[in-house]
Amino acid sequence: MPDRDADPLIVAISSRTLFNLEDSHALFEAEGIDAYAAFQREHEDDLLAPGIAFPLVRKLLGLNEGAPPEAPRVEVILISRNSADTGLRIFNSIAHHGLSIKRAAFSNGAPPFPYIRPFGADLFLSTHAEDVRSALMAGVAAATLLPAQAPQDRHERQLRIAFDGDAVIFGDESERVSREGGLAAFTEHERANAGEPLSGGPFRGFLDALHRLQAAFPVGQDSPIRTALVTARSIPAHERVIRTLREWGIRLDEALFLGGRAKGPFLEAFGADIFFDDSAHNIESARGLVAAGHVPHGVANSA
């Protein structure tokens, strides 16, 4: 039995990540809010197709199996720029798919990110880049998911999450050394500082919360959660990463040190339900193979 006083993992998502709303969004872009609202009311009984984050959400909510309703292990909260009126179609689709989503905020066109922190969200996923940046600035792990068809689910029940290291799990100080001095300077810097833990990045808190959730389940292949670090680092820059995670007391099930190889094929082989990276280039490598969330943080995203 879970601890009834324990905090659940809380994930906030936008409606366009959960469902495929691209046709109605295109109408909004072309004809404005009134045409969009009329379309949603006319079609509120038409079920929406799953969006890019749908398999992830289904697996997250599946982690509540065996937990009492008053003490879920995971909560998913809908954060939407729709109005409650136009959002009725979304709720009808949520009910049809049997998703246990009980909390929502509809901002009716206003930026919805101010509600993310009061909900206690550990992670925010949206298609709206400005909302994602605002959430990051407020200290919430956040990523931009580009709209796409829901990816194929290769692991029916096991949730698989992959992370980049620098500027995502860790701070971007080492990446700054690489950009300013090149690979040789980066390698020497990491070798010289191998015993010095890296600072935490924007996803450090989410990783902590995910690790606490993992601890509720057995370790090994049969665990319902499996995590991976997928980084461009190579030997000898691996040592500082390993020592940092050891210092934090964080377990990652797999670690791939790719030395600059394209990440997409490795993420497909891992079977990631979602991958987080600060590099737009790496997101492009992963898109179409797995759901990929861009984290607009660090030197790679400086203006």
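## Salt bridge at the domain interface

One salt bridge is found across the interface of domain 1 and domain 2 in this predicted model. Asp-273 and Lys-59 form a salt bridge in which the closest N and O atoms are 3.1 Å apart. Polar contacts across the interface of domain 1 and domain 2 come to two residue pairs, both at pLDDT 80 or more.

Over the whole structure, the search returns 18 salt bridges. The pair of Asp-273 and Lys-59 links distant parts of the chain, with their positions 214 residues apart in sequence. Asp-273 sits in the loop between α10 (264-270) and β9 (274-277), whereas Lys-59 belongs to helix α4.

## Domains and their contact

The domain assignment of the protein places residues 9-145 in domain 1 and residues 159-294 in domain 2. Taken over C-alpha atoms, the centres of domain 1 and domain 2 are separated by 27 Å. Each side gives 17 residues to the contact: 17 from domain 1 and 17 from domain 2.

About 1,500 Å² of area is buried between domain 1 and domain 2, and carbon and sulfur atoms give 79% of this area. On the side of domain 1, Leu-9, Leu-56 and Leu-63 together supply 31% of the area buried against domain 2, more than any other three residues.

## The domain 1 side

How many residue pairs are in polar contact across the interface of domain 1 and domain 2? The number is two. Three elements give two or more residues to the side of domain 1 that touches domain 2: α4 (54-62), β4 (123-126) and β5 (141-145). With five residues, β5 provides the largest share of that side. Sorted by class, the side of domain 1 that touches domain 2 holds 13 nonpolar residues, three charged residues and one polar residue.

## His-211

Helix α8 (residues 204-214) contains His-211. Its side chain reaches the backbone oxygen of Gly-249 at 3.2 Å. Leaving aside residues up to four places away in sequence, His-211 touches Gly-249, Ile-250 and Arg-251.

## Backbone geometry

Most residues other than glycine have a negative phi, and most peptide bonds are trans. Two sites depart from these patterns. The peptide bond that joins Ile-235 and Pro-236 is cis, with omega about 10 degrees. Pro-236 lies in the loop between β7 (225-231) and α9 (238-248).

Asn-108 is not a glycine, yet has a positive phi of about 55 degrees. The location of Asn-108 is the loop between β3 (103-106) and β4.

## Confidence

The average pLDDT of the protein is 88, and 94% of the residues score at least 70. Residues 1-5 keep a pLDDT under 50, and the model has seven contacts beyond four places in sequence for residues 1-5. Where pLDDT is low, the predicted coordinates should not be read in detail.

Notes: Residues are numbered from 1 along each chain as its sequence is written. Side-chain values use heavy atoms; hydrogens and water are left out. Domain bounds come from an automatic or database domain assignment. Contact means heavy atoms within 4.5 Å. Buried area is the accessible area (1.4 Å probe) that two parts lose on being put together, summed over both. A salt bridge is a side-chain nitrogen of Lys or Arg within 4 Å of a carboxyl oxygen of Asp or Glu. A polar contact is a pair of N or O atoms within 3.5 Å; within protein, one must be able to donate a hydrogen and the other to accept it, and residues adjacent in sequence count only if both atoms are side-chain atoms. Helices (H or I, at least four residues) and strands (E, at least two) are DSSP runs, numbered from the N terminus. Ala, Val, Leu, Ile, Met, Phe, Trp, Tyr, Cys and Pro count as nonpolar, Asp, Glu, Lys and Arg as charged, and the others, Gly among them, as polar. pLDDT is the predictor's confidence in each residue, from 0 to 100.
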